[in-house]
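Let's take a walk through this fold together, beginning with a single side chain and working outwards. Have the sequence and the model open side by side.

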Amino acid sequence: MADPFTDLCVEMLMPLGTVRVRRMFGGQGLYVDGLFLALIDNGQLFLKSDDINRARFDAAGCAHFTFPKDGETVVTSYRRPPEDALESPPLMLPWARLAMEA
C-alpha cells in the first residue's frame with residue numbers, strides 16, 4: 001500500500017495513462033504506460049525535463065532534484081512542478097505532458 005502522497009501523485013498522472021510505481025534509490029519511480037517520467041523523493045514529486053521544456057520549468061521557479069555524491073551536489077534534469085499543479089489533475093496535466101515529451 002502506498003503512502004497518501006504517492007497516491008495523490010498517481011491520481012494526478014492517471015489522465016495520461018496507466019500509472020505504475022516502482023521503488024528506486026530510496027524513493028519511487030513513476031511510469032505512465034511504461035515510460036519513466038517522474039520520481040518521488042522525501043515526499044516531493046519531480047518531473048522529467050529536457051532542453052526543450054527547461055525554460056517553462058525555469059519560468060515557473062521549479063526546483064531541480066539534487067542529491068549528494070562524492071562530496072558534490074548532483075543536479076538532475078528532474079524538476080518539481082509548481083505547487084498548485086498538485087491541487088488537481090487538470091492543473092498537473094500540462095506539466096505531466098511536458099515530462100512525457102522530455
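Start with Val19, which counts as buried because its relative accessibility is 17%, and the cut-off for that label is under 20%. Keep in mind that this is a predicted model. Val19 lies in strand S1. Who keeps it company? Leaving aside residues up to four places away in sequence, Val19 touches Val10, Leu13, Met14, Tyr31 and Val32. There's also a link further along the chain to look at: Leu35 is 16 residues away from Val19 in sequence, and their C-alpha atoms are separated by 9.2 Å.

Now follow S1 into its neighbour. S1 and S2 form a hairpin with two residues between them, and the two strands pair in the antiparallel sense over six bridges. If you want a spot to check the register, find Arg22, whose bridge partner in S2 is Gly29. In the turn itself, have a look at Phe25, with its positive phi of about 45 degrees.

Carry on to the next pairing. S2 (residues 27-32) and S3 (residues 35-41) are again antiparallel, this time over five bridges, and here Leu30 stands opposite Ala38 in S3.

Step back and you get an open sheet of six strands, antiparallel in its pairing and ordered S1-S2-S3-S4-S6-S5. S1 (19-24) and S5 (64-69) stand at the edges with a single partner strand each, so one side of each has no neighbour in the sheet. From one strand to the next, the twist averages 35 degrees.

Next come the helices. Helix H1 (residues 4-13) lies across S1, S2, S3 and S4 (44-48), running at about 20 degrees to S2. Helix H3 (residues 89-101) lies across S2, S3 and S4, and runs at about 50 degrees to S4.

One last stop: the largest pocket, which holds about 160 Å³ of space. Which residues lie nearest its centre? Of the 13 that line the pocket, those are Met24, Phe25, Leu39, Asp41 and Phe65, and you've already met Phe25 in the hairpin turn. S2, S3, S5 and S6 (72-79) each supply at least two residues of the lining, with S3 giving the most, at four. As for its chemistry, the lining divides into eight nonpolar residues, four polar and one charged.

Terms used
Residues are numbered from 1 along each chain as its sequence is written. This is a predicted model: local features need pLDDT of at least 70, side-chain atom pairs count only at pLDDT 80 or more; totals for chains, interfaces and linings use all residues. Side-chain values use heavy atoms; hydrogens and water are left out. Two strands pair if DSSP finds at least two bridges between them. Axes are lines fitted to C-alpha atoms, for helices over the stretch in contact, and angles run from 0 to 180 degrees between N-to-C directions. Contact means heavy atoms within 4.5 Å. On a 1 Å grid over the protein atoms alone, a cavity is a set of points where a 1.4 Å probe fits but cannot get out, and a pocket is an open set with protein on both sides within 12 Å along at least five of seven lines; lining residues have an atom within 4 Å of a point. Grid points are joined across faces, edges and corners, and a volume is the space filled by probe spheres set on the points. Ala, Val, Leu, Ile, Met, Phe, Trp, Tyr, Cys and Pro count as nonpolar, Asp, Glu, Lys and Arg as charged, and the others, Gly among them, as polar. Buried means under 20% relative accessible area, exposed over 50%, partly exposed in between (1.4 Å probe, protein chains only).
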